[in-house]
Amino acid sequence: MGWTSAQVDEEPWLEVRDLFDYWAEYPPVHEILKIVHRIEAKKPNAAPQGASQGISIEALRRQFPDGIMRG
């Protein structure tokens, strides 16, 4: 599971640096497998049903400043 941009922004720099050092010695297995097997993420051909066309990342950031969608 990934981190939101807010979570990354809140992480102390020393902990981020330690994580990068750890990854340099022990890279994430899923990343190694993607390289070995030449797996690439599939790009969707069309936007999901009901999705807006042409919305920018900046518009999404303004609409969801903390990165969380609430219903």
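Is Y22 buried, exposed or partly exposed, and what is its relative accessible area? In this predicted model, Y22 is partly exposed, with a relative accessible area of 48%. That value sits under the cut-off of over 50% that an exposed residue needs, and it is not under the 20% that would make a residue buried, so the middle label applies.

Y22 also has company at the surface. Together with W13, L14, F20, W23 and Y26, it makes a nonpolar surface patch of about 720 Å². Several members of this patch can be followed one by one. Y26 is partly exposed, at a relative accessible area of 47%. F20 is partly exposed too, with a value of 43%. For W23 the relative accessible area is 36%, which again counts as partly exposed. W23 belongs to helix α2, which covers residues 13-25.

The aromatic rings come next. The count comes to 2 aromatic pairs. In one of them, the ring centres of F20 and W23 lie 5.9 Å apart and the planes meet at 40°, so this pair is described as tilted. The reasoning is easy to retrace: planes under 30 degrees apart would count as stacked and those over 60 as edge-to-face, so an angle between these limits is called tilted. F20 and W23 are 3 residues apart in helix α2, and about one helical turn therefore separates them. A general point about helices helps here. An α-helix has 3.6 residues a turn, so residues three or four places apart point the same way. Y22 and Y26 form an aromatic pair as well, with 5.2 Å from centre to centre and 40° between the planes, and this pair is likewise tilted.

Helix α3 offers a contact of another kind. The count of salt bridges comes to 1. Its partners are E31 and K34, whose side chains meet at 3.4 Å, taken from N to O. Both residues lie in helix α3, which spans residues 29-36, and they are 3 residues apart, or about one turn of the helix. Where does this pair stand with respect to the surface? E31 is partly exposed, with a relative accessible area of 33%, and K34 is partly exposed at 36%. The helix as a whole can be described in a similar way: of the 8 residues of α3, the number buried is 0, so the helix lies largely in the open.

Just after α3, the chain reaches R38, which takes a positive phi of about 50°. Why might a reader pause at this angle? Most residues other than glycine have a negative phi. R38 is a residue other than glycine, yet its phi is positive. R38 lies in the loop between α3 and α4, the latter covering residues 57-63. With a relative accessible area of 75%, R38 is exposed.

Finally, Q7 links two distant parts of the sequence. Q7 is found in helix α1, which runs over residues 5-10. Q7 and D66 are 59 residues apart along the chain, while their C-alpha atoms are separated by 9.4 Å. Q7 counts as partly exposed, at 40% relative accessibility.

Technical notes:
Residues are numbered from 1 along each chain as its sequence is written. This is a predicted model: local features need pLDDT of at least 70, side-chain atom pairs count only at pLDDT 80 or more; totals for chains, interfaces and linings use all residues. Side-chain values use heavy atoms; hydrogens and water are left out. Patches are made of residues with over 30% relative accessible area and no salt bridge: like charges are joined within 9 Å, nonpolar side chains (Val, Leu, Ile, Met, Phe, Trp, Tyr) within 5 Å. Accessible areas come from the Shrake-Rupley method with a 1.4 Å probe; for residues, only the protein chains shown count as cover. A salt bridge is a side-chain nitrogen of Lys or Arg within 4 Å of a carboxyl oxygen of Asp or Glu. Helices (H or I, at least four residues) and strands (E, at least two) are DSSP runs, numbered from the N terminus. Rings of Phe, Tyr and Trp (its six-membered ring) pair if their centres lie within 6.5 Å; planes under 30 degrees apart count as stacked, over 60 as edge-to-face and the rest as tilted. Buried means under 20% relative accessible area, exposed over 50%, partly exposed in between (1.4 Å probe, protein chains only).
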